[in-house]
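Welcome, and thanks for taking a look at this one with me. Below are some numbered points to read alongside the structure.

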Amino acid sequence: MKWRRKRFTFMVIPDANSSVKRFQLSALWITIGFLLIIAILISAITMFLLYRNNTEQIGVLEKKLATSTTELEKIIQNKDLHIGVLQTEVTDLSEQAQSITNHMSDIKDLESQLKNMVGIKDGDIATAIDANSVDDAYDGIAMDGGTGGEDLPVFDEAMDQLISETRQTFTSLQEQVKVLRPELEQTKEAVLKQSAIIKITPTIWPTDSRKVTSLFGVRKDPFTRRATFHAGIDIGGSTGDPIYATADGKVTSAGRDSSHGKNILISHTKSLSTHYSHMSKLLVEAGAKVSKGDLIGYMGSTGRSTGPHLHYEVILNGSTIDPRPYLKATRREN
């Protein structure tokens with residue numbers, strides 16, 4: 001260890017006029033200083049290499065980030081385009097839905113017109129679909145109770161398929177509505193024609209009473225008790241009970257004779273008429289137009305009669321026929 005004790009003298013000459021400065025350092029301190037310098041150099045070189053390596057890695061990461069950003073921007077752009085297409089599809093579906101709604105509104109109007117034509121009020125007809133039939137319609141799906149499942153994202157393919165199926169459904173509905181509307185128009189025309197026929201067909205009872213006291217056909221005469229032909233039906237009641245026209249028509253005659261008493265004959269078509277006899281009072285005159293259900297007089301016992309009743313006849317092509325098949329409905333109050 002003698003070298004540690006060795007001392008080295010260093011002289012520093014600032015300039016020619018200054019004195020020389022001397023200082024001594026042991027070999028140990030010189031060695032330590034030298035080692036420090038070497039350590040600093042090694043650290044500097046290591047740090048430089050690390051910095052350069054990090055710089056290269058940062059450059060690679062920046063390139064990757066730039067590439068990822070570009071790809072992400074493309075994905076976002078594609079998503080925006082897809083969203084735009086979906087929005088357009090949804091808009092088309094909305095327009096189709098509005099079109100169907102308008103058609104359905106027209107159909108509802110036609111339905112209301114048809115109901116008014118035949119005198120049906122909302123709620124008069126019970127729905128044909130009850131709770132059981134509704135349950136049957138959804139036989140494969142429970143309408144109540146618990147539901148669940150994994151929360152999975154909706155992929156574009158599934159959404160595209162849903163939109164395509166929905167569009168097909170709406171298109172099918174539109175075609176059905178297009179077919180349904182003319183069919184309803186035809187039904188409306190048929191109902192109009194049928195309604196006109198019903199108006200001139202004596203389908204209602206001429207009285208509030210349903211008490212038939214004598215049928216159409218051969219019977220014993222109430223006065224002579226001999227077999228005679230009865231040209232109509234007798235409906236019993238009380239004097240003053242209302243008598244109604246059983247169909248639209250024109251009063252052909254309104255007067256009195258010894259057999260029918262006070263009576264009214266109404267022509268509904270060229271071949272169809274109705275005759276009302278034994279009335280106590282007439283409310284219409286010959287030539288008057290009447291509608292089905294109009295009050296035309298009151299029940300009585302005038303003419304050849306044993307008591308208050310209405311003798312009612314239906315005359316087809318000049319011959320009396322049994323009125324009973326025509327008696328289908330009760331007079332409806334307007």
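1. Is D221 buried or exposed? Before the answer, please keep in mind that this is a predicted model. D221 has a relative accessible area of 5%; since buried means under 20%, D221 is therefore buried. You will find D221 in the loop between β4 and β5.

2. Two polar neighbours of D221 are worth a look. The side chain of D221 makes a polar contact of 3.0 Å with the side chain of R304. A polar atom of the D221 side chain also lies 2.9 Å from the backbone nitrogen of T224. If you click on D221, try showing R304 and T224 along with it.

3. R225 lies in that loop too, between β4 and β5. The phi of R225 is near 65 degrees, which is a positive value in a residue other than glycine. As background, most residues other than glycine have a negative phi. R225 has a relative accessible area of 53% and is exposed.

4. Another positive phi turns up at H278, again near 65 degrees and again in a residue that is not glycine. H278 sits in strand β10. With a relative accessibility of 5%, H278 counts as buried, whereas R225 is exposed.

5. Now for the second largest pocket. About 360 Å³ of space lies in this pocket, and 22 residues line it. Nearest its centre are R219, H230, H278, R304 and H311. Two of these have come up already: H278 with its positive phi, and R304 with its polar contact to D221.

6. What is the lining of the second largest pocket made of, by class? The lining has 12 polar residues, 5 nonpolar and 5 charged. As for where the lining comes from, β5, β6 (233-236) and β13 each supply at least two residues.

7. How many aromatic pairs does the structure hold? There are 2 aromatic pairs. In one of them, the ring centres of F216 and F229 are 5.3 Å apart and the planes stand at 80 degrees, so this pair is edge-to-face. The pair links distant parts of the chain, 13 residues apart: F216 is in the loop between β3 (212-214) and β4 (217-220), and F229 is in strand β5 (residues 227-230). F216 is partly exposed at a relative accessible area of 21%, while F229 is exposed at 52%.

8. The pair of Y276 and Y312 is tilted, with 5.4 Å from centre to centre and 50 degrees between the planes. Y276 lies in strand β10 (residues 272-282) and Y312 in strand β13 (residues 309-316), so the pair ties together parts that are 36 residues apart in sequence. Y276 is buried, with a relative accessible area of 0%, and Y312 also counts as buried at 0% relative accessibility.

9. Staying with strand β10, H275 has its place there as well. H275 counts as buried at 9% relative accessibility. Its side chain is joined to the side chain of N263 by a polar contact of 3.0 Å.

10. L215 is placed in the loop between β3 and β4, the loop that also holds F216. L215 is partly exposed, with a relative accessible area of 44%. Along the chain, L215 and R324 are 109 residues apart, yet their C-alpha atoms are separated by 8.7 Å.

11. Towards lower residue numbers, R22 can be found in strand β2 (residues 21-26). At 59% relative accessibility, R22 counts as exposed. R22 and V12 are 10 residues apart in sequence, and their C-alpha atoms are 6.2 Å apart in space.

12. Finally, a point from the records. An unreviewed UniProt entry places the feature "transmembrane region" at residues 27-51. In the model, the chain over residues 27-51 is 100% helix and 0% strand. The C-alpha atoms at the two ends of that stretch are 36 Å apart.

Methods: Residues numbered from 1 in each chain as written. Predicted model: local features only at pLDDT ≥ 70, side-chain atom pairs only at ≥ 80, totals over all residues. Heavy atoms only, no water. Phe/Tyr/Trp six-rings, centres within 6.5 Å; stacked < 30°, edge-to-face > 60°. Helix = DSSP H or I, 4+ residues; strand = E, 2+ residues; numbered from the N terminus. Buried < 20%, exposed > 50% of the residue type's maximum accessible area, 1.4 Å probe, protein only. UniProt positions renumbered as here; feature names shortened; annotations may be inferred. 1 Å grid on protein atoms, 1.4 Å probe; cavity = no way out; pocket = protein on both sides within 12 Å on 5 of 7 lines; lining within 4 Å. Points joined across faces, edges and corners; volume = space filled by probe spheres on them. Nonpolar A, V, L, I, M, F, W, Y, C, P; charged D, E, K, R; others polar. Polar contact = N/O pair within 3.5 Å; in protein donor to acceptor, adjacent residues only side chain to side chain.
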